[in-house]
Amino acid sequence: MASVNTDQRVAAPGPSATVRDPKPRKRKKHKHNRAAYAFLTPWLIGVFGLTLIPMVYSLYLSMTNYNLLTSPTWIGLKNYTLLFQDPNFIQSAKVTIEYVVFSVPLKLGAALLVAVLLNKKLRGLSFYRSAFYLPSLIGASVAVAVMWQQVFSQQGLLNEFLGVFGIHGQDWIGQPSTALWTLILLSAWQFGTPMLIFLAGLKQLPKDVYEAAELDGSGAIRTFVKITLPLLSPMIFFNLVLETINAFQTFTPAYVISGGQGGPIGSTLLYTLYLYQKGFGSLEMGYASAMAWILFLVIGAFTALYFATARKWVTYGD
């Protein structure tokens, strides 16, 4: 009988059959996650501590009667119903809408015009960029608002200039028909930030398109309308959204120029100024919180409207 060899030899697994322990990879992955969360911690603290939690708390306060001195008292939606019965609220909303409708197009128009001029090959271009951008850096300061008040007052610089030509000026800030326009001009004067964005966009436009338009005999105005504006539409859209939001939140110029009262006859009573009066002047913090949420919804509605209509006039790519 043939003997049966019972010795069993197990071949050593080759390189392809090597089994790796998944634990080191998981540990390395978790280590990277901890590092990512560590870097995100300051941002998360800011989002929750300075944005989300205060927003939720202000929504709660908007449904209470709160005067900063006693505990909030729940009143439901009463603050929101009282808003639309308040003539000063209606006046501040009208003034703010008028301010936004006129200041934003003027500001963007001035920014685009100056950007087109600076896009030419000019000497001292860096100086002009800095000079036009400077008002945007200091425009929201109290000092500039005080200076603006002096320029448009009865004895201000504007009336002195008009007096050279024999024109008797008026108190531009003291007249209800012109007071708001001084704020609009101040906003338009601060066109530096959108100007730089437009200028950066103009630098990136393809030159071959303009060369082809020139060969076809296209004039400067036609080229600007048919080529420059469509290609620059993403920057126009970006600036439009930002400047609309900023215009709704304007506060310092109206407070300084009107002495915190929004006069004369409520002509400069911007929404944020009236919100400040109710919240910190009359200590009606619940009412002011309701105003803040109405403003938040209005800004959101304008932004949504811009995005909804953007597909009809904003072009991306070629």
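**Exercise 1.** How much area does the protein chain expose, and what share of it do carbon and sulfur atoms supply?

*Solution.* Begin with the source: this is a predicted model, in which local features need pLDDT of at least 70 and side-chain atom pairs count only at pLDDT 80 or more, while totals for chains, interfaces and linings use all residues. Residues are numbered from 1 along each chain as its sequence is written, and side-chain values use heavy atoms, with hydrogens and water left out. The protein chain exposes about 20,500 Å², an area computed by the Shrake-Rupley method with a 1.4 Å probe. Carbon and sulfur atoms supply 65% of that area.

**Exercise 2.** Find what percentage of the residues of the protein chain count as buried.

*Solution.* A residue is buried when its relative accessible area is under 20% (1.4 Å probe, protein chains only). By that cut-off, 35% of the 318 residues of the protein chain are buried.

**Exercise 3.** Describe the largest pocket, beginning with its space.

*Solution.* A pocket is an open set of points on a 1 Å grid over the protein atoms alone, where a 1.4 Å probe fits, with protein on both sides within 12 Å along at least five of seven lines; lining residues have an atom within 4 Å of a point. The largest pocket holds about 660 Å³ of space. Its lining has 18 residues, and N119, K120, L202, Y210 and T228 are the closest to its centre. Helices (H or I runs in DSSP, at least four residues) are numbered from the N terminus, and α8 (192-203), α9 (207-215) and α10 (220-248) each give two or more residues to this lining. The largest share, five residues, comes from α10.

How values were computed:
Buried means under 20% relative accessible area, exposed over 50%, partly exposed in between (1.4 Å probe, protein chains only). Grid points are joined across faces, edges and corners, and a volume is the space filled by probe spheres set on the points.
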